[in-house]
Structures are given as C-alpha cells and as structure tokens.
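Here is a quick tour for anyone meeting this structure for the first time. Take a look at the sequence and the fold, and then we'll walk through them together.

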Amino acid sequence: VRLVESGGGSVQPGGSLRLSCAASASIFSFASMGWYRQTPGKQREMVASISSSVGTNYADSVKGRFTISRDAAENTMYLQMNSLKPEDTAVYYCNAEVVVNVEGATVSEWGQGTQVTVSS
C-alpha cells in the first residue's frame, strides 16, 4: 500500500489548509486511517483518526479546528485545518492500519510527510 500526502504549505495564523492522503488501495480495506504530526526532537503525535467502527477521534489541541474525512470513491483521506496556530507547525504524516489476515491483524503504513508551517 502506498500513501501520498499533499496540500502542505505555509500559512499565516488564523488561516486554513487542507491536506490530502491518496491511497493505492481501497480505504475500506484499512482498519483505520489517521493523521499524525511531528516536530524536531519530539515524538510523532496523533492529530485525528477515522474508522468505520469508531468514527472520528481528535487530539484535544485540534478539536473544533480540524476535521478529518475520507472519500471512498477517490481512495483519499483529508484533513481540513482551520484557525491554524503557530504551534500547529509540523510535518504531517498520513497513516493507514492495513488488515493483513482474517484475524484482523494490521500493519502500519505511512506516507512521506508534508510540511505545514504557520507563521506571520
């Protein structure tokens, strides 16, 4: 499975960006998908996740500002980011938990990351 992110860039505080993650397989073959972010010297952290069984989940720091969604026809997941803050600056990674057997075991697949910079 290949995941390709796009949509990152530079924006002023209060601005918006939409990230996309295009998958090479049907997104409904994944147990879940999510967006993570990482800054230098820090661990990668979950930003938002989506699955058929659980629905959506958000980090407290982005609740009310970010929205995760997916389009099965396009095999693509999105992250709409509004009211961006300087502390949202990070490399954002797309993740998919790919089901590998009938017992439901999964492996994590990651995209290459896309830089988001929020600065005045």
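Let's start with a pair of cysteines: Cys21 and Cys94 form a disulfide, with their sulfur atoms 1.9 Å apart. Keep in mind that what you're looking at is a predicted model. A search of the whole structure turns up one disulfide. The pair ties together distant parts of the chain, since Cys21 sits in strand S3 and Cys94 in strand S9, 73 residues apart. As for handedness, the torsion about the S-S bond of Cys21 and Cys94 is about -65°, so the disulfide is left-handed. A disulfide, by the way, is a covalent bond between the sulfur atoms of two cysteines.

Are Cys21 and Cys94 buried or exposed? Cys21 has a relative accessible area of 0%, so it is buried. Cys94 counts as buried too, because its relative accessibility is 0%.

**The open sheet**

Strand S3, home of Cys21, also belongs to an open sheet of four strands, in the order S1-S3-S8-S7, with antiparallel pairing. Which strands stand at the edges? They are S1 (3–6) and S7, and each has a single partner strand, so one side of each is left without a neighbour in the sheet. From one strand to the next, the twist averages 15°. Zooming in on S1 and S3, you'll find four bridges holding this antiparallel pair together. Val4, for example, has Ala22 as its bridge partner in S3.

**Around strand S4**

Strand S4 (residues 30–38) pairs with S9, the strand of Cys94, as well as with S5. Here's how the two pairings look, side by side:

| Strand pair | Sense | Bridges | A bridge pair |
|---|---|---|---|
| S4 and S9 | antiparallel | eight | Gly34 and Asn95 |
| S4 and S5 | antiparallel | five | Trp35 and Ala48 |

S4 and S5 also make a hairpin, with six residues between them. In the turn of that hairpin, Gly41 has a positive phi of about 80°.

Now follow S5 (residues 45–51) to Ser51. Ser51 is buried, because its relative accessible area is 9% and the cut-off for buried is under 20%. Where does its side chain reach? The side chain of Ser51 gets to the backbone nitrogen of Val54, at 3.0 Å. Leaving out residues up to four places away in sequence, Ser51 touches Ala31, Ser32 and Arg70.

**The nonpolar core**

In soluble globular proteins, nonpolar side chains tend to be buried together. In this model, the largest nonpolar core has 29 residues, and those with the most contacts inside it are Met33, Trp35, Leu79, Met81 and Tyr92. Which strands each supply at least two residues of this core? They are S3 (17–23), S4, S5, S7 (66–71), S8 (76–81), S9 and S11 (114–118). The largest share, five residues, comes from S9.

Met81 is a good residue to click on if you'd like to see this part of the model. Not counting residues up to four places away in sequence, Met81 touches Gly15, Ser16, Leu17, Leu19, Arg65, Phe66, Tyr92 and Val116. Tyr92, one of those contacts, is also on the list of residues with the most contacts inside the core.

So S9 is a good strand to remember: S9 holds Cys94 of the disulfide, pairs with S4 over eight bridges, and gives the core its largest share of residues.

Technical notes. Residues numbered from 1 in each chain as written. Predicted model: local features only at pLDDT ≥ 70, side-chain atom pairs only at ≥ 80, totals over all residues. Heavy atoms only, no water. Buried < 20%, exposed > 50% of the residue type's maximum accessible area, 1.4 Å probe, protein only. Polar contact = N/O pair within 3.5 Å; in protein donor to acceptor, adjacent residues only side chain to side chain. Contact = heavy atoms within 4.5 Å. Pairing = 2+ DSSP bridges. Core = buried A, V, L, I, M, F, W, Y, C linked by side-chain atoms within 4.5 Å. Disulfide = S-S within 2.5 Å. Axes fitted to C-alpha atoms, helices over the stretch in contact; angles between N-to-C directions.
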